[in-house]
Amino acid sequence: MKLGFIGSGFISKFHADAIQQVRGLEIGGILRRGGAEDLASYCQKKGLGDAVLYNNIIEMAKNVDVLAIYAPNYVRIEIMEEIIDAVKAGAQLKGVICEKPLGRNMVESGKLVQLAEDANLLTAYFENQIFMKAINNQRQQLSAIQRKMGPLSLTRCSEEHAGPHKDWFWDPIRLGGGVLSDMGCHSIAVARYALTPEGKDLFFLKPQSVMAEVGLLKWGQPQWRDKLKSERGIDYLKTPAEDFVTGIITYRNPDTGQLVKSQFTNSWIFEKQGLRLFMDGMGPGYAFEVNTLESPLNIFVGDDAAETIADQEKALEKATASRGLLAIQYNEADLYGYTDENQDMFKSFSVGKDGFLNWKYGLEITKLVMACYLSAERKKTIDLSDPAILQELETYIPAIQQGKGVDQLF
Ligand SMILES: NC(=O)c1ccc[n+]([C@@H]2O[C@H](COP(=O)([O-])OP(=O)(O)OC[C@H]3O[C@@H](n4cnc5c(N)ncnc54)[C@H](O)[C@@H]3O)[C@@H](O)[C@H]2O)c1
């Protein structure tokens, strides 16, 4: 199966490393745009496929089986419209992949679902954390215990680092908000998945209510705001985004009526070694815990030796230090679930099925993220069993996403 990459930045490189670990999948093409030449030669060197550079999506679509949207959030719709044009022009595509978040709001996510459906394309929504081996292994290990003791009643998930790598992530309009939009979507999804009882589908637990708070704890302070303005060209005095979010989503188990909760926390103010994904869950008489900063390999680098280190991210995604005791993750693509999500897409599309997570699932996650923004904006719990609220969420655009977050965040 030949993939065509639309986007050749940070996540595309991760997927290239993941594909190296998946049999049957190759990178057939990459859209020629900033950084594409480097990624193409990396893929060719690693034997990951021809990685031919194409000037436009229509040309690439003729020569690959699946297109993968790995471009920024604010260009999803225009890219998908080009893909539809390619299909109309005769491209024989099996399906499309889209990175998280599907859209910046429900209007966009809904439109993407509709466009894919109209063009009869299979879809895969890439939410890697649901594919993490640690998350799925704990489910397998605990399945017999769950059946005997009862399912989990609480999960707590977080993803945190010191801040994104590209300017557009910091701009609430282009991103779709701040850290809630960018990383809340991960933690909300994986927390619900981990809470879902064995053998039940992704939509089994029924969302009842959402309570969330956002804050601008670091990057709104004068010295950090100035840094953002001079280095990224983003002015948080005018268009701020949240750098911290926490919230609780309550679900009802429709078989038993039991209320269960998932709590999530995300931040761009995490001052430890680098990216940390933390997940835990509590069931009656059992529990699980995942912490990606715990590694079997620790390396110590003293001050004198540190002078020679050129790339601190060689140790770990978003690493901010190059000395002291470093946690090393040598196969991050696999650790974070990218390998398994590519494998799932390959197997599913090969037999004419959507990925385990399709774009309708991506839309569902957008709905929960929007409910969190609404809760934070109104400073109240949002009732997701209220049809009027559900209807409001369909067209709701958070103030922060509109670039009007000053009153809320300062
Ligand atoms: N799953 C994860 O943990 C994870 C991590 C990082 C990023 N992402 C997601 O991946 C997507 C891309 O993020 P990134 O970090 O790779 O960003 P990036 O800025 O590093 O790379 C974006 C790429 O898209 C290209 N691009 C820009 N505008 C385009 C357009 N109009 N048409 C086609 N290509 C265009 C750029 O040239 C660049 O190659 C985002 O939606 C982000 O949310 C997911």
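Let me begin with a single position: E160 stands opposite S267 in β10. Strands here, like helices, are DSSP runs numbered from the N terminus (E, at least two residues, for strands; H or I, at least four, for helices). Strand β7, residues 154-160, pairs with β10, residues 259-267, in the parallel sense over seven bridges; two strands pair if DSSP finds at least two bridges between them.

I should state that this is a predicted model, in which local features need pLDDT of at least 70 and side-chain atom pairs count only at pLDDT 80 or more, while totals for chains, interfaces and linings use all residues. Residues are numbered from 1 along each chain as its sequence is written.

Now the sheet as a whole. Seven strands form an open sheet with mixed pairing, in the order β12-β11-β7-β10-β9-β8-β15. Because β12 (286-291) and β15 (382-383) are at the edges with a single partner strand each, one side of each is left without a neighbour in the sheet.

Helix α6, residues 133-149, lies across β11 (276-283) and β12, running at about 175° to β12. Angles run from 0 to 180 degrees between N-to-C directions, with axes fitted to C-alpha atoms, for helices over the stretch in contact. Contact between two residues requires C-beta atoms, placed from the backbone, within 7 Å.

Which residues come nearest to the ligand? Of the 21 around the ligand, they are G7, G9, F10, I11 and G34, where near means a C-beta atom, placed from the backbone, within 6 Å. Helix α1, residues 10-19, gives the most to this shell, with three residues.
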